[in-house]
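The following exercises concern one protein model. Please study the sequence and the structure shown below before attempting each task.

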Amino acid sequence: MGKGIIEVFLEYWPMFLRGLWGTLKFAFVAVMFGTILGTLVSLLHLSKNKILSKIAAVYVNVLRGTPLLVQMYISYYFIPMAIPSLNNIDKVYYVLLALILNSSAYVSEIIRSGINAVDIGQTEAARSLGLTHRNTMIKIVLPQAIKNILPALGNEYIAMVKETSLAGTFMLYELMYTRTLLANKYLIWQPLFIIAGIYLVVTLVLSWLVGKLEKRLSVSD
């Protein structure tokens with residue numbers, strides 16, 4: 001059977017640690033920029049302009065309705081082929097682009113749901129006081145919606161932590177990629193159990209933190 005799981009972990013823990021850092025970093029970048037883009041998409045989706053709203057809806061449905069791995073392949077291979085001037089860009093950015101776009105589609109729905117959850121009476125009262133639609137959204141709706149949005153964003157980050165495992169397919173140094181590196185040392189099954197254990201611990205800790213945040217926000221209601 002070769003080396004045991006604990007023995008492999010003790011010998012190669014710096015490699016797993018580096019992979020974990022890559023996973024957390026890629027997930028953070030994806031959700032951070034995905035939130036910025038997703039906010040814009042959600043506002044377009046809520047727009048009274050039917051064309052913009054329809055475009056945003058198609059954007060969300062396409063990205064949520066197709067596998068992330070397929071989106072990564074398209075970004076990684078098609079974009080440099082379609083735009084040759086981008087060939088000099090590090091391929092890591094193409095994979096990150098796919099992660100960001102995918103996250104933005106889910107975040108846009110989180111934000112849209114958070115906004116829709118705010119009592120319509122709040123908006124009507126603000127408009128009756130003479131506030132513009134823009135000011136109503138910024139000063140009245142979004143501050144209340146953020147209590148629903150933040151915990152959901154935390155869950156999106158947890159989901160993205162697991163989704164980044166696909167990035168190892170493109171040789172990005174994240175947690176799952178360590179399995180590929182250790183396979184060259186004829187370690188096949190041990191890294192899989194170690195990686196699964198690390199993912200489990202990380203997601204449990206992050207879920208606990210999101211739960212604490214949710215409780216704190218609910219207390220302030």
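**Exercise 1.** How many salt bridges does the count come to in this predicted model?

*Solution.* Step 1. The rule requires a side-chain nitrogen of Lys or Arg within 4 Å of a carboxyl oxygen of Asp or Glu. Step 2. Glu109 and Arg64 satisfy this rule, with their closest N and O atoms 3.7 Å apart. Step 3. Glu109 also pairs with Arg112, where the closest N and O atoms are 3.0 Å apart. Step 4. The count by this rule is therefore two salt bridges. Arg64, Glu109 and Arg112 are thereby linked in a network.

**Exercise 2.** Determine where the partners of each salt bridge lie in the chain.

*Solution.* Step 1. For the bridge between Glu109 and Arg64, Glu109 is found in helix H4 (residues 92-116) and Arg64 in helix H2 (residues 50-65), so this pair ties together parts that are 45 residues apart in sequence. Step 2. Arg112, by contrast, shares helix H4 with Glu109; these two are three residues apart, about one turn of the helix. Step 3. An α-helix has 3.6 residues a turn, so residues three or four places apart point the same way.

**Exercise 3.** Classify Glu109, Arg64 and Arg112 as buried, partly exposed or exposed.

*Solution.* Step 1. Buried means under 20% relative accessible area, and exposed means over 50%. Step 2. Glu109 has 16% relative accessibility and is therefore buried. Step 3. Arg64, at 40%, is partly exposed. Step 4. Arg112, at 23%, likewise counts as partly exposed.

**Exercise 4.** Does the end-to-end distance of helix H3 agree or disagree with its expected span?

*Solution.* Step 1. Helix H3 (residues 68-82) contains 15 residues. Step 2. The expected span is 1.5 Å times one less than the number of residues, which gives 21 Å for H3. Step 3. The end C-alpha atoms of H3 are 20 Å apart, which agrees. Step 4. H3 nevertheless has a kink of about 30 degrees, centred on Ser75. Ser75 is also one of the buried residues of H3, which include Leu68, Met72 and Tyr76.

**Exercise 5.** Describe the protein as a whole.

*Solution.* Step 1. The protein has eight helices and zero strands. Step 2. Its C-alpha trace spans about 75 × 50 × 25 Å along the principal axes. Step 3. Of the 221 residues, 38% are buried. Step 4. Among contacts between residues at least 6 apart in sequence, 74% join residues at least 24 apart. Step 5. The accessible surface comes to about 13,000 Å², and 68% of this area belongs to carbon and sulfur atoms.

Terms used
Residues are numbered from 1 along each chain as its sequence is written. This is a predicted model: local features need pLDDT of at least 70, side-chain atom pairs count only at pLDDT 80 or more; totals for chains, interfaces and linings use all residues. Side-chain values use heavy atoms; hydrogens and water are left out. Helices (H or I, at least four residues) and strands (E, at least two) are DSSP runs, numbered from the N terminus. Buried means under 20% relative accessible area, exposed over 50%, partly exposed in between (1.4 Å probe, protein chains only). The bend at a residue is the angle between axes fitted to the seven residues ending there and the seven starting there. Contact means heavy atoms within 4.5 Å. Accessible areas come from the Shrake-Rupley method with a 1.4 Å probe; for residues, only the protein chains shown count as cover.
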